[in-house]
Each structure stands twice: as structure tokens, then as C-alpha cells.
Amino acid sequence: MGGGTILVVEDETLILMEMEAALEEAGFAVSCFTSAEAALSAFDAAPETFKALITDIRLGPGKSGWDLAREIRPVNPAMPVIYISGDSAVHWPSEGVPNSVVIAKPFFMPQVTTALATLLNDQQPGENA
């Protein structure tokens, strides 16, 4: 899969901590944020650092996970995106970026790590280099 960090955005701290621990245990480098704005600042500062985005959809005041993915994709069109949501998954066909996945809450962490590995493995060589 190569190097790179997974950008994880979730406004619920306990869920964020659980995802961070599970992804690190699965061998991924992780950078976590509780708002789309903070994640976007980190991404804009070093877009080549990140190889995938996992984001909650409803992130409280400010930008949503939908917004975040739409702003990241023009910079890195091949970046895998996984949306996580308790109630917004129904909007994925119209709001989600192409070649993304949505996982409904509550979820089990193996669902997230499996989806991430699948999306990363499905990339064409050189797509996210």
C-alpha cells in the first residue's frame, strides 16, 4: 500500500479514539481531527502526506464530511473516501464523491479497516503516488 497517512475526522471523541487505535493496530499511520476545517488545514498544508479520508458526515457547526471530501478530491482525485454516519447514509448517492464508501453507525471497526484496505488495494498503480 505504500506510505501515507489516513486522515480521520469525527466530532465524537470516543469514536475518534476507537478508530485511531484500530487503524494504528491494523498498521496505518493516522492523523485525527474533530472538525472538517482542522482536517482541511492539515491537508492543505501537505496534501501529499495523506492517502485516504475517513470522515463522519455530520461534524457539528461548520463544514460537513460531504464538504470535506468535495474539497479534497480536486487536489487528489484518486483518494479513497469512507463516510461514516448515523443518519445521513441515505444521502450518499447524491452527496458522496465518486468511488467512495459509506458505513452506517453503529459499526464494527473491522468494517472500516476492511473497506479502507479494499479501496487502497483497488487503486491503480501511480494513482495516489
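In this predicted model, helix H1 has 13 residues, which at 1.5 Å a residue should span 18 Å. The C-alpha atoms at its two ends are 18 Å apart, so the expected and computed spans agree. The buried residues of H1 are Ile15, Leu16, Met19, Ala22 and Leu23. Viewed down the helix axis, these buried residues fall within an arc of 135°, so they line one face of H1. An α-helix has 3.6 residues a turn, so residues three or four places apart point the same way. On the other side of H1, Leu14 and Glu25 are exposed. The cover over the buried residues of H1 includes strands S1, S2, S3 and S4. Helix H5, residues 109-122, is also part of that cover. Just after H1, Gly27 takes a positive phi of about 100°.

The sheet comes next. Five strands form an open sheet in the order S2-S1-S3-S4-S5, and their pairing is parallel. Strand S2 (29-33) and strand S5 stand at the edges. Each of these two has a single partner strand, so one side of each is left without a neighbour in the sheet. On average, neighbouring strands of the sheet are turned by 20° against each other, direction ignored.

Strand S3 covers residues 50-56. Seven of its seven residues are buried, so S3 counts as mostly covered, buried meaning under 20% relative accessible area. S3 is joined to S1 by five bridges, and the two strands run parallel. Within this pairing, Val9 has Thr55 of S3 as its bridge partner. Four bridges join S3 to strand S4, residues 81-85, and these strands also run parallel. Here Thr55 stands opposite Tyr83 in S4. Thr55 is thus named in two pairings, with Val9 and with Tyr83.

The helices can now be placed against the sheet. H1, residues 13-25, lies across S1 (5-9), S2, S3 and S4. Its direction runs at about 170° to that of S2. Helix H2, residues 36-45, packs on the sheet and touches S1, S2 and S3. The direction of H2 makes about 160° with that of S1. In H2, the residues Ala36, Ala39, Leu40 and Phe43 are buried. Seen down the axis of H2, they fall within an arc of 100°, so they line one face of the helix. These buried residues pack against S1, S2, S3 and helix H3.

H3 spans residues 65-72 and lies on the path of the chain from S3 to S4. This β-α-β crossover is right-handed.

Helix H5 has 14 residues. From first C-alpha to last it reaches 20 Å, close to the 20 Å expected at 1.5 Å a residue. The buried residues in H5 are listed as Met109, Val112, Thr113, Ala115, Leu116, Ala117, Leu119 and Leu120. What covers them includes H1 and the strands S1, S3, S4 and S5. H1 and H5 thus each appear in the cover of the other, H5 over H1 and H1 over H5.

The edge strand S5 gives a last view. S5 covers residues 100-104, and Val102 lies in this strand. Val102 is partly exposed, with a relative accessible area of 22%. Buried requires under 20%, so Val102 does not meet that cut-off. Leaving aside neighbours within four places in sequence, Val102 is in contact with Ile57, Tyr83, Ala89 and Trp92. One of these, Tyr83, is the residue of S4 that stands opposite Thr55. Another contact, Ala89, is found in the loop between S4 and helix H4 (92-95). Ala89 is partly exposed as well, with a relative accessible area of 24%. The C-alpha atoms of Ala89 and Val101 are 9.7 Å apart in space, and the two residues are 12 apart in sequence. Val102 and Glu24 are 78 residues apart along the chain, and their C-alpha atoms are separated by 21 Å.

Note on methods
Residues numbered from 1 in each chain as written. Predicted model: local features only at pLDDT ≥ 70, side-chain atom pairs only at ≥ 80, totals over all residues. Heavy atoms only, no water. Buried < 20%, exposed > 50% of the residue type's maximum accessible area, 1.4 Å probe, protein only. Contact = heavy atoms within 4.5 Å. Pairing = 2+ DSSP bridges. Axes fitted to C-alpha atoms, helices over the stretch in contact; angles between N-to-C directions. Expected span 1.5 Å × (residues − 1). Arc of directions from axis to C-beta. Right-handed = clockwise from strand over helix to strand, strands pointing away.
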